[in-house]
Number of protein chains: 2
Amino acid sequence: METLEQVMETLNMETVLKAESGPCITHLLPIRDALDILSGKWKIPIIVALCVHKRRFKELHRDITGITAKMLSKELKELEVNKLVNRAVHATSPVTVEYSITEYGHSLWPVIRELRDWGLKHRDKIIYHPEEA
Amino acid sequence: METLEQVMETLNMETVLKAESGPCITHLLPIRDALDILSGKWKIPIIVALCVHKRRFKELHRDITGITAKMLSKELKELEVNKLVNRAVHATSPVTVEYSITEYGHSLWPVIRELRDWGLKHRDKIIYHPEEA
DNA sequence: CAGCATCCTCAGTGATACTG
DNA sequence: CAGTATCACTGAGGATGCTG
């Protein structure tokens, strides 16, 4: 089992931190990419909602408390660009659009699980045991 | 092995999305907590830098390209509150302050690894194979 | 229904200067 | 050295109304 230090060494820190390119592209940047795709106020709720089952725009708008149509539209577009979400237009009248999680979207699961697991432990540590160093 | 759908079901989505409290606290919120702690422009570079070895404020300021003293100070404070980073003041003259990763900080490793691994695969998929659905 | 256009605001960030 | 204070700016996100 590698330690955090060992892994960080593989990141070639001293080079990475100051590099404009090179090692940075294969090391720090991927972390940033993943973070950028998941962060923001609505990405996770949308992904979670679509993981349960496919939904239409209006349904998402209704099921995700507080989101505006503008943000929902924008976020879905980003998720679609990243191939995490599929957009299917049905030629009904009026048209309906169904959004669903892609197969590729499932690859996010290990990431989300780690985030959730760490977040749970962290909540416990900080909120319920704030006194411990 | 659980599927993403199965896990999402355990999140009790329909309840979670609309809940102000209750299930939300143990499910969506931890993900947001973790994300909040890691996201932003400087948290990861700081953590990575400190994982290689402890550093003083000035050293961090020098080693992390582009960060301002104000942001460095603010980010270190947040990391310290979350017990990921330790702040040690030495009564030299003038005083020096050493920042280091805590034992608890190491618990972030699985999270960072998953983010990096997914980010690497994603980079490959989106940038080098943009044509594939 | 599924969005887009417009306007707005305010918290996060940067630049610069200053302090114990 | 290790920060803080002040000001200015930007952009994520919200409110509202409109369209194909």
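This passage looks at the protein surface around DNA strand D, and then at some local features of chains A and B. The model is a predicted one.

It is convenient to begin with the nucleic acid. DNA strand D is surrounded by 19 residues, and the closest of them are A:K41, A:K70, B:K58, B:R87 and B:Y99. By class, the residues of this surface comprise eight charged, seven nonpolar and four polar ones. Both chains take part: at least two residues each come from α7 of chain A and from α6, α7 and β3 of chain B. On the side of the DNA, sugar or phosphate accounts for 75% of the strand D atoms within 4 Å of the protein, while bases account for the rest.

Several side chains can be followed right up to the phosphates. In chain B, an N or O atom in the side chain of B:K58 is 2.5 Å from a phosphate oxygen of DNA strand D, and for B:K77 the corresponding distance to a phosphate oxygen is 3.0 Å. Chain A offers A:W42, with a polar side-chain atom 3.2 Å from a phosphate oxygen of the strand.

Helix α6 of chain B, spanning residues 57–63, also holds B:F57. Is this phenylalanine buried, partly exposed or exposed? Its relative accessibility is 26%, so B:F57 counts as partly exposed, given that buried means under 20% and exposed over 50%. Leaving aside residues up to four places away in sequence, B:F57 touches B:A69, B:L72, B:S73, B:L76, B:V97 and B:Y99. The C-alpha atoms of B:F57 and B:E98 lie 6.9 Å apart, although 41 residues separate the two in sequence.

Backbone geometry deserves a look as well. In chain A, the peptide bond leading from A:S93 to A:P94 is cis, with omega near 0 degrees; A:P94 sits in the loop between β2 (85–90) and β3 (96–101). Chain B has a cis peptide bond between B:S93 and B:P94, with omega about 0 degrees, and B:P94 belongs to the loop that runs between β2 (85–90) and β3 (96–101) of chain B.

A positive phi value, near 65 degrees, occurs at A:K83, a residue other than glycine. A:K83 is placed in the loop between α7 (69–81) and β2 of chain A. With a relative accessible area of 15%, this lysine is buried. For B:K83, phi is likewise positive and near 65 degrees, and the residue lies in the loop between α7 (69–81) and β2 of chain B. B:K83 counts as buried because its relative accessibility is 13%.

Terms used
Residues numbered from 1 in each chain as written. Chains lettered and ligands numbered in written order. Predicted model: local features only at pLDDT ≥ 70, side-chain atom pairs only at ≥ 80, totals over all residues. Heavy atoms only, no water. Helix = DSSP H or I, 4+ residues; strand = E, 2+ residues; numbered from the N terminus. Buried < 20%, exposed > 50% of the residue type's maximum accessible area, 1.4 Å probe, protein only. Contact = heavy atoms within 4.5 Å. Near = heavy atom within 4 Å. Polar contact = N/O pair within 3.5 Å; in protein donor to acceptor, adjacent residues only side chain to side chain. Nonpolar A, V, L, I, M, F, W, Y, C, P; charged D, E, K, R; others polar.
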